[in-house]
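Please work through the following exercises with the sequence and the structure at hand. Attempt each task before reading its solution.

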Amino acid sequence: MAQDDANVIDQPEVMTPRMVTIEIAGKKVDVPEGITVVKAMWYAGMDVVRGVGCLGGFCGACATYYRTKDDPKVRTCLACQMAVQDGMSFTMMPPFPARKATYELQKLQDPKQDLFNLYPEAPLCRNCNACTEACPQKIDVREGVWKAVFGDFKSVSEMFMDCVMCGMCTPVCIADIAPNLVALYVSRAQGAHFSEKPVGLDVRIKEIQDGQYNEEWDKVLKMSEKQLAEHCATVK
Amino acid sequence: MDIHALQQIVHKTRDARRKQTIPKFAPTERDQLIHKYHPDFRASAYRPIKFGPNEGDKTVMELAALLEGDSSIQDHADLTAHYTCDVLVIGGGGAGCAAALHAHGAGAKTILATKLRLGDSNSVMAQGGMQISVAPEDSPVTHFIDTLKGGHMENDHALLKTMVEDGPSIAKWLLELGVLFDRQADGNLHVKKGGGSSKPRLLTCSDYTGLEIMRVLKDEVINQKIQLLEFAAAIELLSDEAGNCTGAIFKDLDNQRHVVVAAKCVILATGGIGRLHIQGFPTSNHYGATGDGLCLSYRMGAKLAHIDTFQYHPSGAVYPEQLIGQLVTEGIRSEGGHLVNATGERFVNELDTRDVVSSSIIRECEEGRGIRTMSGRVGVWLDTPLLDAEHGPGTVEKHFPAMMLQFERFGIDISKDPVLIYPTLHYQNGGVKIDTNSETNVKNLFVAGEASGGLHGRNRLMGNSLLDLMVYGKRSGLTAAGRVASMKQGQLTLKHLQRFRAEAKKHGNVSGVISPMILPAYTRKVN
Ligand SMILES: Cc1cc2nc3c(=O)[nH]c(=O)nc-3n(C[C@H](O)[C@H](O)[C@H](O)COP(=O)(O)OP(=O)(O)OC[C@H]3O[C@@H](n4cnc5c(N)ncnc54)[C@H](O)[C@@H]3O)c2cc1C
Ligand code: SF4
Ligand code: SF4
Ligand code: FES
């Protein structure tokens with residue numbers, strides 16, 4: 001494999017990493033700098049079952065609190081997406097017993113009003129902004145809660161598209177609101193009740209039901225392997 | 001050299017490249033390329049399976065060992081049921097949720113058991129979108145043809161026809177559940193063009209399609225009060241005297257106890273195999289993608305299809321180290337992103353099928369036109385800033401927020417700098433052979449989603465998996481639920497396992513591993 005050495009990335013962080021000392025749930029361990037928090041736990045010999053899901057930053061299973069050296073501020077991250085630095089301490093967030101309302105979405109008569117029956121705590125937001133600060137996906141959670149309460153379901157559904165349901169916005173809420181669950185309800189209601197019906201989709205479903213493609217199917221499915229290959233080549 | 005210095009060539013050649021069109025390979029060229037460079041054709045990575053329903057068929061070493069592996073259940077294990085239900089769904093990804101919702105909706109007493117939490121799966125990560133022929137210029141037949149071409153003509157026609165025809169009604173179901181697909185100004189569904197497709201056909205929810213669908217399906221599973229068993233890993237199936245499937249044994253990962261579930265029908269929706277790291281490849285898959293469903297079904301006597309072919313997604317991240325193997329969505333290429341080698345040249349039509357694009361990236365790297373990192377990895381550039389240049393500043397940020405955030409966490413702005421990529425193990429093209437009701441050759445054993453096989457032929461087309469999950473999740477759920485009313489719960493025995501063990505013994509018990517794997521062994525042995 002002839003490789004021109006001019007094409008090598010040799011920045012320090014991809015060269016052999018140095019070891020750093022971090023704290024995992026109060027225990028000091030030495031791990032290579034820059035690996036993810038989840039990998040650091042594996043490196044330290046811990047079996048991880050709860051706390052890992054997708055390993056890609058999408059499922060929210062790895063919600064974690066962390067603090068960097070000498071900084072009093074405790075922050076949040078997704079452990080599978082966070083690189084460790086020297087002196088960092090972290091602890092995974094245990095499952096939080098937030099209350100999820102259950103509902104028959106399609107049967108709701110007035111979803112904007114129903115919000116207050118399903119989540120009566122939602123309008124009690126005290127504007128502390130702790131939820132926004134806790135969100136590893138950088139969603140303006142507080143703003144979202146207000147928008148939900150004021151019935152701007154469309155904005156909420158757009159703002160929370162990034163929500164990985166990690167739940168980190170919930171334990172911090174002084175009004176016992178679970179903002180992500182409120183937003184999930186609101187987003188679903190927006191989709192099911194307040195979005196335009198796509199006309200083209202119904203047309204296509206009807207075409208299929210009416211057998212409009214049957215003739216073409218017959219033709220295609222009766223072809224020999226060779227004919228089919230030739231036919232495929234003409235579709236570009 | 002500094003990464004920024006190496007990236008200069010991408011910036012410098014951008015304008016010239018924008019004027020180029022790279023033709024797709026002619027069929028013979030394409031076949032030559034794939035045969036020479038695609039990992040599926042590395043003969044030394046393969047061996048024949050020694051016994052069982054696919055005796056003599058070749059697959060990768062990693063999988064062969066697991067398929068021939070032994071069960072952790074003893075012959076005389078206590079099989080008293082802890083739970084009894086009509087339909088047992090195993091796996092909490094897209095296929096499992098769709099199956100459970102439909103089975104429950106049709107009146108069956110349903111249990112959904114899954115290895116991690118509900119929704120921790122490959123499904124949440126799907127970014128690129130879902131193929132459904134909704135555009136006026138498109139049709140189910142065209143969808144069928146495109147998929148056949150992508151699958152090298154080896155797709156099961158009946159499965160494929162069913163999927164493309166059920167597609168539009170699946171879109172409607174998801175919309176009714178509140179899934180927020182992107183729209184055009186006139187309210188119709190917005191469709192994007194995906195690699196290997198002749199028409200724009202990808203339905204998207206920003207670049208969070210899988211996450212959005214899964215948020216909604218999970219919520220609905222909970223709303224419907226479907227019984228959930230989380231952190232329950234299926235480790236063996238159960239059969240009656242006639243060899244029909246009658247339930248499963250789980251390991252509770254919190255306390256290591258065995259949990260026996262009796263069911264009239266079982267739907268396996270356990271997903272893919274990325275975490276087997278076939279041929280040493282990194283993977284885009286979730287933690288639990290260890291091919292468990294294949295092993296469980298194989299021991300029951302279910303036949304597998306196309307298990308010699310895997311999809312290596314062209315664009316897995318190579319840099320930074322923390323993101324190795326993670327996907328850089330194909331959407332970037334759909335929107336016109338170029339692949340660029342170390343000399344600043346394009347080398348493939350970026351919208352060709354995944355096997356072709358991956359093979360050509362491997363070719364560039366093996367022939368010395370790759371960019372190497374000091375940790376020994378190699379890759380080529382994906383010109384992400386081109387999207388802003390082409391469609392206006394802010395395009396990358398607007399269309400790929402998930403991608404932006406992922407790299408931003410490591411100080412990389414992908415709208416300004418190209419990313420380094422190399423193929424990553426992504427998808428199991430084959431799996432357990434099913435019919436159009438999603439049932440296997442073992443009666444009352446259904447398999448849905450990535451764990452099933454036949455539909456995608458030798459190469460799945462982008463966006464077809466999400467549709468596959470919904471269509472066959474639904475079909476398995478409805479067929480199973482439709483059957484249980486007139487059925488009695490069968491006996492719970494391990495007859496199939498005794499048969500399997502006898503065969504393994506005849507072949508010298510060579511595998512030496514216990515399967516299924518459940519979770520990959522990433523924990524370092526610390527003395
Ligand atoms: C990063 C990424 C991006 C993708 N993007 C797209 C895309 O844009 N479009 C598209 O169409 N496809 C895409 N795919 C492919 C698609 O997402 C997957 O093929 C699909 O989600 C598989 O769904 P599934 O329900 O079959 O399996 P999964 O979603 O993986 O779910 C399987 C479930 O079964 C559980 N399980 C596994 N073993 C056991 C066991 N022994 N016992 C109990 N439970 C078990 C798992 O934990 C998991 O919950 C992508 C895949 C990945 C990884
Ligand atoms: S809104 Fe809440 S649940 Fe969603 S990502 Fe932010 S912190 Fe996590
Ligand atoms: S944490 Fe609770 S009270 Fe504070 S802003 Fe957020 S929702 Fe309101
Ligand atoms: S494991 Fe899924 S977000 Fe980290």
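The exercises below concern a predicted model and treat its sheets, its ligand surroundings and some backbone features.

**Exercise 1. Determine the strand order of the five-stranded sheet in chain A, and identify its edge strands.**

Solution.
Step 1. Reading across the open sheet of chain A gives the order β3-β2-β6-β4-β5, with mixed pairing.
Step 2. The strands that pair on one side only are β3 (27-32) and β5 (75-78) of chain A, and these are the edge strands.
Step 3. From one strand to the next, the twist averages 35 degrees.

**Exercise 2. For β2, β4 and their partners in chain A, state the direction of pairing and find the residues that stand opposite each other.**

Solution.
Step 1. Strand β2 (residues 19-24) of chain A is antiparallel to β3(A), and six bridges join them. Within this pair, A:V29 of β3(A) stands opposite A:I22.
Step 2. Strand β4 (residues 63-67) of chain A runs antiparallel to β5(A), with four bridges between them. Here A:L78 in β5(A) is the bridge partner of A:A63.
Step 3. Four bridges also connect β4(A) with strand β6 (residues 89-92) of chain A, again in the antiparallel sense. In β6(A), A:M92 is the residue opposite A:T64.

**Exercise 3. Describe the sheet of three strands in chain B and explain why one side of each edge strand is left without a neighbour.**

Solution.
Step 1. The strands of this open sheet follow the order β12-β18-β20 (chain B), and the pairing is mixed.
Step 2. The edges are β12 (304-305) and β20 (452-453) of chain B; each has a single partner strand, so one side of each has no neighbour in the sheet.
Step 3. Two bridges link β12(B) to strand β18 (residues 431-433) of chain B in the antiparallel sense. B:L304 faces B:V432 of β18(B) as its opposite residue.
Step 4. Across β12 and β18 of chain B lies helix α8 (residues 292-300) of chain B, at about 35 degrees to β18(B).

**Exercise 4. Characterise the surroundings of ligand 2 and of ligand 3 by residue class.**

Solution.
Step 1. Ligand 2 is located in the second largest cavity.
Step 2. There are 13 residues around ligand 2, and those that come nearest are A:C135, A:C163, A:C166, A:G167 and A:C169.
Step 3. Sorted by class, the shell of ligand 2 contains ten nonpolar, three polar and no charged residues.
Step 4. Around ligand 3 stand A:C125, A:R126, A:N127, A:C128, A:N129, A:C131, A:R142, A:C173, A:I174 and A:I177.
Step 5. The shell of ligand 3 divides into six nonpolar, two polar and two charged residues.

**Exercise 5. Locate the cis peptide bonds before B:P320 and B:P516, and the residue A:L55 with its positive phi.**

Solution.
Step 1. Recall the usual case: most peptide bonds are trans, and most residues other than glycine have a negative phi.
Step 2. B:Y319 and B:P320 are joined by a cis peptide bond whose omega is about 0 degrees. B:P320 belongs to the loop between β13 (310-317) and α9 (331-334) of chain B.
Step 3. From B:S515 to B:P516 the peptide bond is likewise cis, with omega near 0 degrees. B:P516 lies in the segment after α15 (495-506) of chain B.
Step 4. A:L55, a residue other than glycine, has a positive phi, near 60 degrees. A:L55 is placed in the loop between α1 (37-43) and β4 of chain A.

Terms used
Residues numbered from 1 in each chain as written. Chains lettered and ligands numbered in written order. Predicted model: local features only at pLDDT ≥ 70, side-chain atom pairs only at ≥ 80, totals over all residues. Heavy atoms only, no water. Near = heavy atom within 4 Å. 1 Å grid on protein atoms, 1.4 Å probe; cavity = no way out; pocket = protein on both sides within 12 Å on 5 of 7 lines; lining within 4 Å. Sits in = over half its atoms within 2 Å of the grid points. Nonpolar A, V, L, I, M, F, W, Y, C, P; charged D, E, K, R; others polar. Pairing = 2+ DSSP bridges. Contact = heavy atoms within 4.5 Å. Axes fitted to C-alpha atoms, helices over the stretch in contact; angles between N-to-C directions.
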